[in-house]
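Open your viewer and get a selection tool ready. We will take this one stop at a time, from the whole chain down to single residues.

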Amino acid sequence: MLALIIPCFAFGSLITQLPLGILSDKYGRKPILLTVLSLGIICFSLSAVWESSVLGLFILFTFAGMCVGSLFSLGISYMTDLLPGNLLPAGNLMVGIMFSLGSISGPFIGGLFIEKLPHVSFFYLITIVLIIITGAIFFQKDKH
């Protein structure tokens, strides 16, 4: 089932890359990031509730991909809005480092979560991470 649901997430992220980029150009990166993160929180919370429904997971993973599948590119764009031009190479380097650290620690932390809390849905961990990211962006001071 997982091999069929993951492509739904990828498909959702592919079809919204350009529209979300256009919306973030028009309305600003921060509001779009907060919106897609909030919708992602809702999608993954509902996934935890409906994890026994194959059709529900297909639909929710597609919507989750549409929302949070573009976070990396939207985050890079937001970083370029926040940093002066001379710090963009350093910012890009830091994003790469953080992405690598997340790629290394994410599976380990996820595995610990599943091992220590076997009766709790893994989708709640994803929801908690999205809530933390949303809070960090929400409380980010604006330049002005």
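The tour below moves from the overall fold to one helix and two residues.

**Stop 1: the whole chain.** Keep in mind that you are looking at a predicted model. Show it as a cartoon and color by secondary structure: you should find six helices and zero strands, in the order α-α-α-α-α-α along the sequence. The radius of gyration is 16 Å, close to the 15 Å that the globule rule gives for 144 residues, so the chain is as compact as a globular protein of that length. If you align the view with the principal axes, the C-alpha trace spans about 50 × 30 × 25 Å.

**Stop 2: surface and charges.** Switch on the surface. About 9,100 Å² of the chain is exposed, with 77% of that supplied by carbon and sulfur atoms. Buried residues account for 31% of the 144. Now select the charged side chains: there are 6 positive and 5 negative ones, and the centres of the two sets are 9 Å apart.

**Stop 3: contacts across the sequence.** A contact map is handy here. Taking contacts between residues at least 6 apart in sequence, 74% join residues at least 24 apart.

**Stop 4: helix H3.** Select residues 54-68. At 1.5 Å a residue, the 15 residues of H3 should span 21 Å, and the end C-alpha atoms are 20 Å apart, which agrees. Next, pick out the buried residues of this helix: Gly56, Leu57, Leu60, Phe61, Thr62, Ala64, Gly65, Cys67 and Val68. Which helices cover them? The cover includes H1, H2 (29-49), H4 (71-82) and H6 (122-138).

**Stop 5: threonine 62.** Stay in helix H3 and zoom in on threonine 62. Its relative accessibility is 18%, and because buried means under 20%, threonine 62 counts as buried. Leaving aside residues up to four places away in sequence, threonine 62 touches Cys8, Phe11 and Gly12. For a longer distance, draw a line from the C-alpha atom of threonine 62 to that of glycine 102: the two are 40 residues apart along the chain and separated by 23 Å.

**Stop 6: serine 13.** Finally, move to helix H1 (residues 2-27) and select serine 13. Is serine 13 buried or exposed? With 11% relative accessibility, serine 13 counts as buried. Display its neighbors, again skipping residues up to four places away in sequence, and you will find contacts with Gly65, Met66, Gly69 and Ser70. One of these, Gly65, is among the buried residues of H3 that you picked out at Stop 4.

How values were computed
Residues numbered from 1 in each chain as written. Predicted model: local features only at pLDDT ≥ 70, side-chain atom pairs only at ≥ 80, totals over all residues. Heavy atoms only, no water. Helix = DSSP H or I, 4+ residues; strand = E, 2+ residues; numbered from the N terminus. Rg over C-alpha atoms; globule rule 2.2 N^0.38 Å. Buried < 20%, exposed > 50% of the residue type's maximum accessible area, 1.4 Å probe, protein only. Contact = heavy atoms within 4.5 Å. Areas by Shrake-Rupley, 256 points an atom, 1.4 Å probe, with all protein chains shown as cover. Lys, Arg positive; Asp, Glu negative; His and termini not counted. Charge placed at Lys NZ, Arg CZ, Asp CG, Glu CD. Expected span 1.5 Å × (residues − 1).
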